[in-house]
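Reader: I'd like to go through this one slowly and ask how you know each thing. Could you take me along?

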Amino acid sequence: MSIDIDTARKVAKLARIRVEEADLPALATELSGILGFMEQLNEVDVEGIEPMTSVTPMRLKRRADVVTDGDIQAQILKNAPDAREGFFAVPKVVE
Amino acid sequence: MTHLNELTIAAARDALRAGETTAVDLTMACLTAIDAGDGLNAFVHKTPDIALDMARAADARIKAGDAPDMCGIPLGIKDLFCTKGVPSQAASNILKGFKPEYESTVTTQLFNAGAVMLGKLNMDEFAMGSSNETSCYGNAINPWKVDGRDLTPGGSSGGSAAAVAADMCLAATGTDTGGSIRQPAAFTGIVGIKPTYGRVSRWGVVAFASSLDQAGPMTKSVRDAAIMLGAMCGHDLKDSTSADLAVPDFEAALTGDIRGKKIGIPREYRMDGMPAEIEKLWADGTAMLKDAGAEIVDIALPHTKYALPAYYVIAPAEASSNLARYDGVRYGHRANLKAGDGITEMYERTRAEGFGHEVQRRVMVGTYVLSAGFYDAYYNRARRVRALIKRDFDQVFAAGIDAILTPATPSAAFGLGEMANADPIQMYLNDVFTVTVNLAGLPGISVPVGQNAQGLPLGLQLIGKPWDEAGLLNHAYVLEQAAGFVAKPAKWW
């Protein structure tokens, strides 16, 4: 399956990665090459085979539904590029 | 005379307990070797003050008696592990300046056992690469050199491999999503084991592909791998996929006796165009195990050829989801915004500036295969093929095979920059013998077995049954003893 420039633009948008218009053709070619490689999977008969969800059969552990930590606001904000008054700060969001 | 930084973990442990050396002396020897090894670009954040504090504490503990095996052993830590207060960037500009407020479970366990952290090690960005060439810190360089070229130490754990092979540390942590411990170990003449999925906690390890990632030790010998793995694994409530199983004494399992064990040789791993030197190495390794009394059995793993394409659907899909967290809000890099830029522009510019080319490519491939209309055709199909790959192994083990022997890599280490213009698929082929093991969640170990005509190290891979790291390590120990690989890179750096 070949990826055209419009699809490459859409994928970049969905991935929230800015790609300049001039770079889209090269991106489309690269993605097409990789997806072409994946086409081999169509040769495999997967009839009746369930998609793997867990490589080791295991039951997830359960625990009491109680708070186990908290009160670490300063630590959580410590690495933020922009933190103000105890919050993460982001550009104004107006719809 | 052997310098202290050249010791194995086992030899250093014994010397420490006998009072013949101290953790401080061991650590000083490593710190000196690290400073002399800047040309290899293996250590990217050095922590000498932390190291000496830890070494002094270890010496006190050893003096008091009853110190664990890893007490006083100086280690390098891959940059993918979160280490409290110490830069942990996954070799990415998007995590520039990030200093975690917490410690990963693996490093917590190692440090609780008394191990000493020398610093953080170079790697491919977010562990995506097979040559350490996608790192924001620049290439790590293989201490092995046979002509004018600088060679890759492999990837993604390239800094770990270079540091251990160049005796800058006694051992290092690595992580392996598609071969990132085993391929660099093979390229540098050291031992690297990827445990069974779930054996080692992933908590605090920067996530690449969560259903495939496992941490493991990279060491100078199989015995060291057994000792260090024992300290790294165990059940962890903070990782829901961590297995609640007892950890065996892996070192005690190294009996050297594999008489009557069945070793599978998978015919599908005999690839077209396989170099003669790899073919010969494989045959030599097979003969060594046979001479040790094992029974050699031809086996079939029919879905092998579909492992790479399945991996390159599943791993990017999981990566695109895991890496969504790098948005410029909570940690790491945020782009400078232009007038009128809103939150979407902030995300898009931050991720374009912060992620390198290979990471962007994989995030976009992952986004595509998970997008509406393609999820079934790519992602679900790949997961069904993955189930078949695992079934191949299940059937072989059910038929009585104890371990499987394969080459670790399709070639010896290649030159840095030599793959720059190659198709990305060419680079992905480095993982052809190792990805099956991640897809099936099995333990796999790379053991140095020989050298090519130019003198570069070559490794073989042994694959074990789920949770049978003990048996796997014993097979690897027999192979190591028979191969007698003792070559070291001549110091040029």
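Reader: Why is Asp327(B) called buried or exposed here?

Author: Count the C-beta neighbours: Asp327(B) has 20 inside 10 Å. A residue is buried if 20 or more other C-beta atoms lie within 10 Å of its own, exposed if 12 or fewer, and partly exposed in between, with C-beta atoms placed from the backbone. So Asp327(B) counts as buried. Keep in mind that this is a predicted model, where local features need pLDDT of at least 70, side-chain atom pairs count only at pLDDT 80 or more, and totals for chains, interfaces and linings use all residues. Residues are numbered from 1 along each chain as its sequence is written, and chains are lettered from A and ligands numbered from 1 in the order in which they are written.

Reader: What is Asp327(B) in contact with, leaving aside its neighbours within four places in sequence?

Author: Tyr347(B) and Thr350(B). Contact here says that two C-beta atoms, placed from the backbone, lie within 7 Å.

Reader: And where in chain B is the place of Asp327(B)?

Author: In the loop between helix 9 (307-322) and helix 10 (343-354). Helices are DSSP runs (H or I, at least four residues), numbered from the N terminus.

Reader: How many residues does the contact between the chains take?

Author: Chain B gives 55 and chain A gives 35. On chain B's side, helix 12 brings the largest share, eleven residues.

Reader: How do you know how confident the predictor is in chain B?

Author: Look at pLDDT, its confidence in each residue from 0 to 100. Chain B averages 97, and 100% of the residues score at least 70. For the complex, the predictor gives an ipTM of 0.96 and a pTM of 0.97.

Key
Helices (H or I, at least four residues) and strands (E, at least two) are DSSP runs, numbered from the N terminus.
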